[in-house]
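Please work through the exercises below with the structure open beside you, and try each task before reading its solution.

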Amino acid sequence: MFGYYFDLAMRSLKRNKVLTGLMVLAIAVGIGASMTTLTVMYLLSGDPLPGKSARIYYPQLDPETGADVRKNPADLLDYISAHDLWQSGKADRQTMVVFGSIKLQPGLAGQSPFMADTLATTSDFFPMFDVPFRYGGAWNAADEARGVRQVVISDVLNQRLFGGANSVGRTIVLNGTGVQVVGVLDHWRPRPLFYMLVGARYSGGDTGGYYVRPQDVFLPMPTALDINAGNFGWFSCWGKPDRMDLRNAPCESVGLWVQLDTAAKAAAYRRYLDAYDAQQRALGRLSHPANTRMMSLHEWMAYQNAVPSDVKLQTWLAFGFLLVCLFNTVGLLLAKFLRRSGEIGVRRALGATRGAIFAQCLAEAGVIGLLGGVGGLLLTLLGLWLVRQQPVAYADVVALNVPMLLLTILLAVAASLLAGAFPALRASRVPPALQLKTL
Amino acid sequence: MQIRPILAALRRHRVAAFLIGMEIALACAILCNALFLISARIDTMQVSSGVDEDRLVVVSLDGVDDNAAADLAARLRSGLAGIAGVQSVAVTNAVPFGQQAGEAGFRLRADDPHYDNQGHFYVGGPALPSTLGLQLAEGRWFTPDEFGPISEFLPRSPSIMLDSEYARTLWPGESPLGKTVYAIDKAFRVVGTYRSLLRPNPNPGHTHNTLLLAGIPGKGLASVYVLRTAPGKADQVLQAARALVARVAPAVVVNQDYTDTISGLRRSYFAADRAMAGMLVGVIAALLLVTALGIVGLASFWVQQRRKQIGVRRALGATRGDILRYFQTENFLIVSFGIALGMVLAFGLNLVLMSRYELPRLPLFYLPAGALLLWVLGQLAVLAPALRAAAVPPVVATRSV
């Protein structure tokens with residue numbers, strides 16, 4: 001039966017190629033626009049640490065002593081608080097992060113120095129965030145405390161400096177100091193770069209820059225403080241800092257991430273954070289009213305409004321656009337089906353049930369949807385190609401994946417069936433006698 | 001032209017007419033808001049920098065060694081000044097559309113513990129105002145003895161200048177001259193104001209909140225060089241400057257992203273806004289296309305369906321013009337219904353966008369503009385089917401099917 005309806009649908013569609021083309025085009029354009037933006041949304045709002053993000057937390061307190069008191073604590077901690085909390089080892093894993101950049105002198109003669117983005121961090125960073133290694137591994141905690149001259153580099157930097165070869169044991173020169181490569185990362189592209197998602201909430205939705213790839217050089221914190229003093233990114237200062245002394249600067253510049261495997265541990269850590277804050281207040285190091293926070297990674301991403309507002313706006317627009325296309329299709333299908341009232345009347349008079357007419361009309365709508373879906377898929381690929389040409393940090397991660405591909409076809413067929421349901425219902429209600437009389 | 005018979009006919013097709021009306025309503029809502037978003041982006045992109053962008057070349061350096069900074073700045077200044085086509089060279093900490101370098105809170109009273117104001121502190125060497133082409137608004141420029149070495153981010157200098165508009169917001173109704181600005185742990189006396197200098201990273205809320213301090217090139221002030229070039233020489237100078245830095249200072253890193261003409265920096269700075277505006281234009285074009293296709297499709301169906309009635313009307317004396325106008329009026333009614341609904345939707349959509357994306361309120365003139373666009377579109381789209389209807393010969397009335 002379905003084969004027959006399909007055949008009828010194809011005949012009917014062929015009868016007026018231009019109008020069929022218009023309907024298919026309208027669906028395809030609507031689907032193409034929506035799926036392009038939805039794919040970008042999906043890629044940018046996904047979980048940067050699948051399976052683990054619920055156990056990652058971001059403790060905060062207000063370390064400032066100035067007259068201005070923030071409603072929410074600053075997005076980073078001062079070094080002393082971060083280091084105290086980190087050193088306590090109360091969490092299952094804990095790591096500090098400080099962003100910066102450093103002058104890298106390639107080993108080969110004739111290559112000019114360049115600036116590399118750095119992350120000063122601690123050895124837990126890698127296991128805690130499931131960072132994949134291609135060669136070697138992280139430095140160990142004991143060496144870290146001694147300020148060992150070892151670094152982990154990204155696959156991109158390894159490609160640039162060593163042509164992608166195993167560079168473990170090789171030396172690179174950072175700010176004039178030779179350091180040994182102990183690990184090379186494999187491809188790692190968390191979206192967004194969650195551990196440096198600071199200040200995004202102030203950016204007015206312009207958060208595309210938080211989707212850059214990870215830093216190129218990962219340094220042990222004490223090593224970084226030694227060899228890269230003066231080159232760290234500050235977030236905010238409430239007093240006059242000594243540029244070369246991050247440890248004692250009255251500035252927020254350090255992020256502290258902790259992994260807490262159970263809810264009980266999370267609650268205990270929260271209490272510990274409050275206790276630490278109260279103790280520091282009692283000691284007089286902190287002076288503002290207590291204002292501690294501990295958000296999970298998900299809460300932190302929502303708090304920082306990680307997904308760029310342009311992307312959200314585009315998604316809204318695209319779905320409004322799809323709605324316009326659907327209204328368009330419903331109107332056209334309705335006109336098309338009802339114009340065949342005479343034919344439908346004959347079929348009804350010859351014994352076709354209302355259900356059969358309905359199914360036949362719906363089959364026609366489904367075929368349009370399928371054609372529109374294929375067209376929409378091509379337009380989605382075109383749309384994503386256009387996004388990749390855009391000057392945005394996430395351009396390189398934008399690509400169609402299997403779930404999105406299936407969703408495209410599904411959305412097209414579902415949309416056209418939905419659009420076809422009402423016209424088909426109307427067509428199946430055509431009174432046969434009246435139509436036969438007018439023939 | 002009588003409206004009543006048209007309404008009577010539309011009532012027989014009310015569902016299809018309603019659907020097209022709804023399509024137009026949605027299109028109207030999206031159109032008005034998208035047009036508004038585009039114009040907002042264009043406004044953002046047109047912000048005036050206050051400097052001669054095409055003729056200014058910026059060279060930005062990273063990895064400058066503090067201990068060698070004074071020597072480096074001296075060598076680079078004389079080297080860059082020697083390039084053919086360069087009229088003057090100045091050292092600064094930042095330029096419009098460059099990297100932000102001196103954002104800080106400040107206060108206007110010494111006893112005020114709060115840093116209520118925040119602005120961008122430009123720190124420039126002696127040649128900066130003339131190189132940028134800044135114009136004096138009030139007071140005077142810095143005198144040579146007011147330039148101080150940089151210590152802890154800001155120069156040890158007694159004097160400061162501000163953007164004249166910004167100064168007016170800080171001291172409404174008062175002359176800023178002689179007032180004091182307290183920043184970090186230093187106090188600076190206002191000696192003058194200049195006309196319009198954009199901050200490095202303007203956003204719609206903050207554009208000209210800039211201050212200017214007098215610094216001696218050297219430690220802490222050796223990374224950004226502005227070159228004023230002869231007209232039409234900027235590209236040549238840019239290439240020559242890159243080559244010169246590689247030769248004179250092989251140990252520093254040229255920041256390629258921020259080494260360009262200021263007009264080039266502006267292009268990069270607004271690249272994302274331009275892409276978004278382009279995308280919105282694309283959406284509008286596709287939206288108008290789909291809406292027009294819908295109107296063409298439906299009108300064509302109706303014309304085919306009514307061939308016999310058209311023939312009868314023609315046989316009874318209606319002119320081709322009557323038939324043509326019938327379909328045009330019908331379209332006008334449907335589009336008007338859509339527009340009426342669409343204006344309400346446009347307003348509602350704007351409210352949603354306002355609450356979610358901090359957009360301003362849709363100015364009301366966008367509504368009639370969008371309406372006019374859709375009316376014209378409707379009339380153009382219906383023209384071909386209506387002409388086909390007008391061409392139906394009266395003899396059709398006498399045929400049975």
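**Exercise 1. Salt bridges**

Task: State how many salt bridges a search of the whole structure finds over all chains, and then examine the pair Arg11(A) and Asp7(A).

Solution: Bear in mind from the start that this is a predicted model. The search of the whole structure gives 33 salt bridges over all chains. For the chosen pair, the side chains of Arg11(A) and Asp7(A) meet with an N to O distance of 3.4 Å, and this counts as a salt bridge because the cut-off is 4 Å. Next, look at where the two residues sit: because Arg11(A) and Asp7(A) are four residues apart in helix H1 of chain A, which covers residues 2-15, about one helical turn separates them. Side chains of opposite charge can pair when their charged atoms come close.

**Exercise 2. Two domains in chain A**

Task: Find the bounds of the domains of chain A, and describe the contact between domain 1 and domain 2 of that chain.

Solution: Begin with the domain assignment, in which domain 1 of chain A consists of 2-45 together with 308-438, while domain 2 is given as 53-303. Their centres, taken over C-alpha atoms, are separated by 49 Å. In the contact, eight residues belong to domain 1 of chain A and 10 residues belong to domain 2 of chain A.

The second step concerns area, and the size of an interface is often given as the accessible area lost when the parts come together. Between domain 1 and domain 2 of chain A about 770 Å² is buried, with carbon and sulfur atoms giving 55% of it. On the side of domain 1, Leu44(A), Pro308(A) and Ala393(A) provide 48% of the area buried against domain 2 of chain A, which is more than any other three residues.

The third step is to look for polar links across this interface, where one salt bridge is found, along with four residue pairs in polar contact. The side of domain 1 of chain A that touches domain 2 has six nonpolar residues, one polar residue and one charged residue.

**Exercise 3. Chain B against chain A**

Task: Describe the interface of chain B and chain A by its residues, its buried area and its salt bridge.

Solution: Start with the residues, of which chain B contributes 46 to the contact and chain A contributes 40. The two chains bury about 4100 Å² between them, and 75% of this lies on carbon and sulfur atoms. In chain B the residues that lose the most area to chain A are Leu19(B), Phe301(B) and Tyr357(B), which together account for 16% of what that side buries.

Turning to polar links, one salt bridge is found across the interface of chain B and chain A; Asp310(A) and Arg41(B) form a salt bridge whose closest N and O atoms are 2.6 Å apart. Six residue pairs are in polar contact across the interface of the two chains.

Finally, ask which helices of chain B supply at least two residues each to the side that touches chain A. These are helix H2 (14-45), helix H8 (271-305) and helix H10 (320-357), and the largest share, 17 residues, comes from H8(B). By class, that side of chain B has 32 nonpolar, six polar and eight charged residues.

Notes:
Residues numbered from 1 in each chain as written. Chains lettered and ligands numbered in written order. Predicted model: local features only at pLDDT ≥ 70, side-chain atom pairs only at ≥ 80, totals over all residues. Heavy atoms only, no water. Domains from an automatic or database assignment. Contact = heavy atoms within 4.5 Å. Buried area = accessible area lost by both parts, 1.4 Å probe. Polar contact = N/O pair within 3.5 Å; in protein donor to acceptor, adjacent residues only side chain to side chain. Nonpolar A, V, L, I, M, F, W, Y, C, P; charged D, E, K, R; others polar.
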